[in-house]
Amino acid sequence: MQIGIPCLFMRGGTSRGPYFIKQDLPSDEISRNNVLLAVMGSPDERQINGIGGGTTLTSKVAILSPSQHLWADVDYLFAQVNVLQPKVDFAPSCGNILAGVGPAAIERNLVAAVDGKTTVKIHAVNTGSLIEAVVCTPGGQVTYEGNTVIDGVPGSAAPILLNFMKIVGSKTGKLLPTGYTSEEIEGVQVTCIDVAVPMAIAQAQAFGKTGYETKTELDADTAFLQKIEVIRRLAGERMGLGNVANSVIPKFAIIAPPRQGGSITSRYFVPDTCHAAHAVTGAICVASSTLLPGSVADGIAKVTDSQQQNIIIEHPSGKLEISLVIHQEGSEIVIERAGVIRTARLLFSGNVYVSSHLWT
């Protein structure tokens, strides 16, 4: 016997996965996680017995519900389903899957669309972040067709504007959780920063890298991956996140000067392989580091001095532009919000089936 669960299967940004309504999933955590593992086909490197794509970017889940937050319309709970292990991680959020939340909320009647553009106010439950998603809805219907191109996704689609509010201290409550703009961990200078997602950031040259390597080249260097994992775990402890051996946060990035007209080059890890493009939340964090005097990005990033910073991140698949709104309070830089353009596409709507014995 199998149980059918209603879902929308969507591409959000450079990621992909099912979007569920919370009430359609088991209410207890153990059963819910077992159902999500079965839905995606984990643990299995091919995820052949589920709808996952065998990569971290295609093994993601969005769970939506009417918001319990006074400001928001929709609560968005993100789940990273491990491909190779029977684990579901709710610690991080995902800015790419977030791109599909607005359209999904409208499709599933959590938010009423208006003619023209509909603003969906989203509460990201994992981190407590608040985001406005502006979705194209001509005639009161979501449109996915458009001329906006994002690097890492073939073709074009309708733009979705994401405005991230209150992004500083997403997990730690602090911009610089350790109190330092730069510190040495295992002989490498690292900036531990928390804007949209906690991250440890280091210069590529500290590892003997250029920072322009491909994902394939970086993933093949096991000694390099082991070293950044050691640093990531120690950074997590210093940031007050405890033992992060089994968690995907903090994330890790190596950076280098831009060479294609952008602001900075970044290679982002998730956490034990290089991202094929770049996470949105990670891009916001990397962009924020470029504004901090004394950070590892200071001196290699190309930024201007203004209250709105458009930071262009160069990544393995192209570029991602982040718009930061900032102001000065004495000698401190205050990051008010961040904006980014993404796209999404509805791939199918229907039921996904799991064995009834998983449902208690």
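Guide: Helices here are DSSP runs of H or I at least four residues long, and strands are E runs of at least two, both numbered from the N terminus. With that in hand, Ala-206 sits in the loop between β11 (197-203) and α4 (215-219). Bear in mind that this is a predicted model.

Visitor: Why does Ala-206 count as buried, exposed or partly exposed?

Guide: Its relative accessibility comes out at 37%. Buried means under 20% and exposed means over 50%, so Ala-206 falls in between and is called partly exposed. Its C-alpha lies 20 Å from that of His-275, a residue 69 places away along the chain.

Visitor: What about Cys-94: why is it called buried?

Guide: Cys-94 has 4% relative accessibility. That is under the 20% cut-off, so the buried label holds.

Visitor: And why is there no bond between Cys-94 and the closest cysteine sulfur?

Guide: The closest cysteine sulfur belongs to Cys-285, and it is 15 Å away. A disulfide needs two sulfurs within 2.5 Å, so this pair is too far apart for a bond. Cys-285 has no disulfide either, as its nearest cysteine sulfur, in Cys-192, is 10 Å off. By the same rule, the count of disulfides is zero.

Visitor: Why does Cys-285 count as buried or exposed?

Guide: Cys-285 is at 0% relative accessibility. Set that against the 20% limit and Cys-285 is buried.

Visitor: What makes helix α6 largely enclosed by the rest of the structure?

Guide: Count its residues: 10 of the 10 in α6 (residues 280-289) are buried, so the helix is largely enclosed. Among them are Val-280, Thr-281, Ile-284, Cys-285 and Ser-289.

Visitor: On to the empty spaces. How many cavities of 30 Å³ or more turn up in the whole structure?

Guide: Two. The largest holds about 120 Å³ of space, and the second largest about 50 Å³. What makes each a cavity is that a 1.4 Å probe fits but cannot get out.

Visitor: Why is the largest cavity said to lie between domain 1 and domain 2?

Guide: Domain 1 (1-164 + 342-356) and domain 2 (181-328) both give residues to its lining, so it lies between them. There are 16 lining residues, and Lys-60, Gln-80, Ser-93, Cys-94 and Lys-251 lie nearest its centre. By class they split into eight nonpolar, six polar and two charged.

Visitor: Which residues line the second largest cavity?

Guide: Ser-93 is one of them, and Tyr-76, Phe-164, Ala-196 and Thr-281 are among the others. This lining has six nonpolar and four polar residues, with no charged ones.

Visitor: How many residues of the two domains are in contact?

Guide: In domain 1, 14 residues touch 19 residues of domain 2. The C-alpha centres of the two domains are 25 Å apart.

Visitor: What is the volume of the largest pocket?

Guide: It is about 700 Å³. Of its 29 lining residues, Thr-56, Asn-82, Val-270, Pro-271 and Asp-272 are the closest to its centre. It is called a pocket, not a cavity, because a pocket is an open set of points. Each domain supplies at least three lining residues, and α5 gives the most of any element, with three.

Visitor: Which element gives the largest share of the lining of the second largest pocket?

Guide: That's β17, with four residues. This pocket has a volume of about 390 Å³.

Conventions: Residues are numbered from 1 along each chain as its sequence is written. This is a predicted model: local features need pLDDT of at least 70, side-chain atom pairs count only at pLDDT 80 or more; totals for chains, interfaces and linings use all residues. Side-chain values use heavy atoms; hydrogens and water are left out. On a 1 Å grid over the protein atoms alone, a cavity is a set of points where a 1.4 Å probe fits but cannot get out, and a pocket is an open set with protein on both sides within 12 Å along at least five of seven lines; lining residues have an atom within 4 Å of a point. Grid points are joined across faces, edges and corners, and a volume is the space filled by probe spheres set on the points. Ala, Val, Leu, Ile, Met, Phe, Trp, Tyr, Cys and Pro count as nonpolar, Asp, Glu, Lys and Arg as charged, and the others, Gly among them, as polar. Domain bounds come from an automatic or database domain assignment. Buried means under 20% relative accessible area, exposed over 50%, partly exposed in between (1.4 Å probe, protein chains only). Contact means heavy atoms within 4.5 Å.
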